[in-house]
Amino acid sequence: VSTMADGVRFDVSGLDGIRNKMAQVKREVNYKGGRAALRRAANVLRDQAQSNARRVDDHETETAIWKNVAVRWNGRAFKQDGVLAFRVGVLGGAQAGRAAQQGTSNPGGITWYWRLLEFGTSKMAAQPIFRPVPDQAGQKAVDVFARSFNQALDRVLAKQGAA
């Protein structure tokens with residue numbers, strides 16, 4: 001069982017067999033299978049965040065926060081520490097003003113205001129998009145990762161056994 005800093009808990013069971021298989025394969029192969037499995041898990045979280053964003057989006061405007069929710073590879077974490085990581089966030093981030101004008105090419109337009117919905121303001125209650133995602137889809141993402149990574153390891157071990 002894994003506990004995050006904010007008290008969200010996930011049951012990470014069924015990984016013992018995966019650990020044994022990982023010891024049998026090369027490091028590079030773990031990165032390839034791990035990256036694909038991690039992307040699938042991140043996509044589960046992205047889909048939940050998009051669903052949450054659709055709920056709070058103003059459908060009378062041209063902008064759409066849910067269209068800008070995206071999964072991106074975290075190359076910096078990988079280069080610095082060798083950590084496989086993806087980021088789930090809003091294209092354009094939370095930049096306002098002149099910097100936000102660069103987001104005109106985003107599929108949902110300029111949606112810097114998503115942070116105001118996420119955290120609220122002094123005059124508006126929060127309508128969180130990302131904060132509920134771990135509770136809503138965290139366990140499903142862990143399950144998808146474990147299943148996908150286990151399948152990738154099985155393929156690699158079968159290939160090594162055939163070679």
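**Exercise 1. Glu118 and its surroundings**

Does Glu118 count as buried or exposed? Determine this for the predicted model, then describe the surroundings of the residue.

*Solution.*

Step 1. Locate the residue. Glu118 belongs to helix α5, which covers residues 114-119.

Step 2. Apply the cut-off. A residue is classed as buried when its relative accessible area is under 20%. Glu118 has a relative accessibility of 1%, and therefore counts as buried.

Step 3. List the contacts. When residues up to four places away in sequence are set aside, Glu118 touches Ala126, Gln127, Pro128, Ile129, Phe130 and Arg131.

Step 4. Examine the polar partner in the backbone. The side chain of Glu118 reaches the backbone nitrogen of Phe130 at a distance of 2.8 Å.

**Exercise 2. The salt bridges**

Identify the salt bridges of the structure and state how exposed each partner is.

*Solution.*

Step 1. Establish the count. The structure contains two salt bridges.

Step 2. Consider the pair that involves Glu118. Arg131 forms a salt bridge with Glu118, and the closest N and O atoms are 3.3 Å apart. Arg131 is situated in the loop between α5 and α6 (133-162), while Glu118 is in helix α5, so this pair ties together parts that are 13 residues apart in sequence.

Step 3. Assign the exposure of these partners. Arg131 is partly exposed, its relative accessible area being 45%, whereas Glu118 is buried, with a value of 1%.

Step 4. Turn to the other pair. Asp47 forms a salt bridge with Arg46, with 2.8 Å between the closest N and O atoms. Asp47 has a relative accessible area of 40% and is partly exposed; Arg46, at 23%, is also partly exposed.

**Exercise 3. The nonpolar cores**

Which residues make up the largest nonpolar core, and which element gives the most to this core?

*Solution.*

Step 1. Recall the general tendency. In soluble globular proteins, nonpolar side chains tend to be buried together.

Step 2. Name the members. The largest nonpolar core consists of 11 residues: Ala49, Ala53, Val56, Ile65, Val69, Val90, Trp114, Leu117, Ile129, Phe130 and Val133.

Step 3. Assign the contributions. Two or more residues of this core come from each of α2 (27-56) and α5. The greatest contribution is that of α2, with three residues.

Step 4. Inspect one member. Apart from its neighbours within four places in sequence, Leu117 is in contact with Val56, Ile65, Met124, Ala126, Gln127 and Pro128.

Step 5. Note the other core. A second, separate core has six residues, among them Ala37, Ala146, Phe149 and Leu153.

**Exercise 4. Phe145 and a long-range approach**

Which residues are in contact with Phe145, leaving aside its neighbours within four places in sequence?

*Solution.*

Step 1. Place the residue. Phe145 is part of helix α6. With a relative accessibility of 24%, Phe145 counts as partly exposed.

Step 2. List the partners. Beyond its neighbours within four places in sequence, Phe145 is in contact with Gly34, Ala37, Leu38 and Ala41.

Step 3. Relate sequence separation to distance. Phe145 and Ala37 are 108 residues apart along the chain, and 5.0 Å separates their C-alpha atoms.

Step 4. Set this pair against the chain total. Among contacts with a separation of 6 or more, 58% are between residues 24 or more positions apart.

**Exercise 5. Aromatic pairs**

Classify the ring geometry of the pairs Trp73 with Phe78 and Trp112 with Tyr113.

*Solution.*

Step 1. Establish the count. The whole structure has five aromatic pairs.

Step 2. Classify Trp73 with Phe78. The ring centres are 5.5 Å apart and the planes lie at 55 degrees, so this pair is tilted. Phe78 is partly exposed, with a relative accessible area of 30%.

Step 3. Classify Trp112 with Tyr113. Here the ring centres are 6.4 Å apart and the planes are at 80 degrees, so the pair is edge-to-face. Trp112 counts as partly exposed at 28% relative accessibility, as does Tyr113 at 22%.

Step 4. Look for a cluster. Trp73, Phe78 and Phe86 are linked into a cluster by ring pairs.

**Exercise 6. The chain as a whole**

Summarise the secondary structure, burial and surface of the chain.

*Solution.*

Step 1. Count the elements. The chain has six helices and four strands, in the order β-β-α-α-α-β-α-β-α-α along the sequence.

Step 2. Report burial. Of its 163 residues, 34% count as buried.

Step 3. Report the surface. The accessible surface of the chain is about 10,300 Å², and 50% of this belongs to carbon and sulfur atoms.

Terms used:
Residues are numbered from 1 along each chain as its sequence is written. This is a predicted model: local features need pLDDT of at least 70, side-chain atom pairs count only at pLDDT 80 or more; totals for chains, interfaces and linings use all residues. Side-chain values use heavy atoms; hydrogens and water are left out. Buried means under 20% relative accessible area, exposed over 50%, partly exposed in between (1.4 Å probe, protein chains only). Contact means heavy atoms within 4.5 Å. Accessible areas come from the Shrake-Rupley method with a 1.4 Å probe; for residues, only the protein chains shown count as cover. A polar contact is a pair of N or O atoms within 3.5 Å; within protein, one must be able to donate a hydrogen and the other to accept it, and residues adjacent in sequence count only if both atoms are side-chain atoms. A salt bridge is a side-chain nitrogen of Lys or Arg within 4 Å of a carboxyl oxygen of Asp or Glu. A nonpolar core is a set of buried Ala, Val, Leu, Ile, Met, Phe, Trp, Tyr and Cys residues joined through side-chain atoms within 4.5 Å. Rings of Phe, Tyr and Trp (its six-membered ring) pair if their centres lie within 6.5 Å; planes under 30 degrees apart count as stacked, over 60 as edge-to-face and the rest as tilted.
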